Amino acid sequence: MKRIVSVSLGSSNRNHSVEIEVLGEKFLVERIGTDGSIKEAIALIEAQDGKVDALGMGGIDLYLWAGGKRYTIREALPLKRAAKITPILDGSGLKNTLERRVMKELQEKNIVDFNEKVTLLTCVLDRFGMAEAIAQYKGKLIIGDIVFALGLDLPIYSLRHIQLIAKLAAPLVCQLPFEMLYPTGTKQNESKVTKLQKYYQEADIIAGDYHYIKRYMPKEMKEKIIITNTVTKADIIALKEKGVSMLITTTPQFGDRSFGTNLIEALIVAVMKEGKYKSYGEVIDVLDFKPRIEYLQPQSNM
């Protein structure tokens, strides 16, 4: 049996493991949270290094992207370096492949018409592939990188503008403590009531990392569409109660939840280690990964 472990800076309350079958072989996939402790995450990675088939780095990005430019987050480097033998993935590679495909499928199958809707994307630098795909279909974007990462009321409405801003600011921002940019540990369970919630109301679709989406989510989300990945059963219940009409997760569901892109990317890399497949796209095709689409309200209300 192959084993995939995602070591996350997120809350340990979201820990989960499940056994699945992939191409006739059993995989144990597991997510372990360290409640924001980088030191504990490094220790866990070192303990699993060489003993599992692939590792995921959750709750923190190693890389941010703006077009073809890559920026490295300083605090993620010790986690990356802690794995000397086993490949460790942060999910950014999968975001630039699978998530582009998912947007294409949603548009071409008339599940979501991005051209007719406004999408609030919480962090484009975290999901540039998703943003480019939505823009390709003439979808209007509210880019929330500064809003969600820094808590400032400064939305951006152009991919060109976020690329220019990233060129100037990303090298400096990537040096900041990661907890200043993204909720880690128990902070992932917090939500804030602020004037920034107005952007949820302006949008038809709220897309991106679920912890960012949750950060300022208002009580009323009637007829909104959520496009994200890591959600639990409790998250889905909460979204339904808020009136969310449709939930789409870009990563497939294993058991009763979806896992982060870092874990799914680690699973793909473990499959590729056999040497039969040469690219993420080939593995995605053969595994027939499909987005999870769940209508949370009666469809007649949509």
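This passage describes helix packing, the nonpolar core and selected loop residues in a predicted model. Because the model is predicted, local features were considered at pLDDT of at least 70 and side-chain atom pairs at pLDDT 80 or more, while totals for chains, interfaces and linings use all residues. Residues are numbered from 1 along each chain as its sequence is written, and side-chain values use heavy atoms, with hydrogens and water left out.

Helices (H or I, at least four residues) and strands (E, at least two) are DSSP runs, numbered from the N terminus. Two packed helices are described by the angle between their axes and the distance between the axes; here the axes are lines fitted to C-alpha atoms, for helices over the stretch in contact, and the angles run from 0 to 180 degrees between N-to-C directions. Angles under 35 degrees count as roughly parallel, over 145 as roughly antiparallel, 65 to 115 as roughly perpendicular and the rest as oblique.

Helix H5 (residues 128-136) takes part in two of the packings described here, with H4 and with H7. With helix H4 (residues 98-108), the packing angle is about 25° and the axes lie 8 Å apart, and H4 and H5 are therefore roughly parallel to each other. Their crossing is right-handed, a term applied when the near helix is turned clockwise from the far one by less than a right angle, the anticlockwise case being left-handed. Glu-99, Arg-100 and Met-103 of H4 and Gly-129, Met-130, Glu-132, Ala-133 and Ile-134 of H5 make the contact, where contact means heavy atoms within 4.5 Å. By class, the contact of H4 with H5 comprises four nonpolar, one polar and three charged residues; Ala, Val, Leu, Ile, Met, Phe, Trp, Tyr, Cys and Pro count as nonpolar, Asp, Glu, Lys and Arg as charged, and the others, Gly among them, as polar.

The packing of H5 with helix H7 (residues 159-173) has an angle of about 155°, with the axes 11 Å apart, which makes H5 roughly antiparallel to H7. This contact involves Phe-128, Ala-131, Glu-132 and Ala-135 of H5 together with Leu-159, Ile-162 and Gln-163 of H7, and its residues divide by class into five nonpolar, one polar and one charged. The buried residues of H5 (under 20% relative accessible area, with exposed meaning over 50% and partly exposed in between, for a 1.4 Å probe and protein chains only) are Phe-128, Gly-129, Met-130, Ala-131, Ala-133 and Ile-134.

Positive phi values occur in the loops that follow H4 and H5. Asn-110, in the loop between H4 and strand S8 (118-121), has a positive phi of about 60° although it is not a glycine, and counts as exposed at 70% relative accessibility. Lys-138, in the loop between H5 and strand S9 (140-143), likewise has a positive phi, near 65°, in a residue other than glycine, and at 63% relative accessibility Lys-138 counts as exposed.

The largest nonpolar core, a set of buried Ala, Val, Leu, Ile, Met, Phe, Trp, Tyr and Cys residues joined through side-chain atoms within 4.5 Å, has 107 residues, and those with the most contacts inside it are Ile-4, Val-29, Met-103, Phe-114, Ile-227, Leu-267 and Ile-268. Helix H11 (residues 261-272) supplies the largest share of this core, nine residues. Beyond residues up to four places away in sequence, Val-29 touches Ile-4, His-16, Ser-17, Val-18, Ile-20, Phe-254, Phe-259, Leu-263 and Leu-267.

The axes of H11 and helix H12 (residues 280-287) come within 10 Å and cross at roughly 95°, which makes H11 roughly perpendicular to H12. Glu-265, Leu-267, Ile-268, Val-269, Val-271 and Met-272 in H11 meet Tyr-280, Val-283, Ile-284 and Leu-287 in H12, and the residues of this contact comprise nine nonpolar, no polar and one charged.

Two further loop residues are buried. Asn-229, in the loop between S11 and helix H10 (233-242), has a relative accessible area of 3%; Asn-229 and Gly-260 are 31 residues apart in sequence and 6.1 Å apart in space, C-alpha to C-alpha. Leaving aside residues up to four places away in sequence, Asn-229 touches Arg-127, Thr-249, Thr-250, Thr-251, Ser-258, Phe-259, Gly-260 and Thr-261. Tyr-216, in the loop between helix H9 (210-215) and strand S11 (225-228), is buried with a relative accessible area of 4%, and its contacts, neighbours within four places in sequence aside, are Val-147, Phe-148, Gly-151, Lys-192, Thr-194, Leu-196, Gln-197 and Tyr-200.
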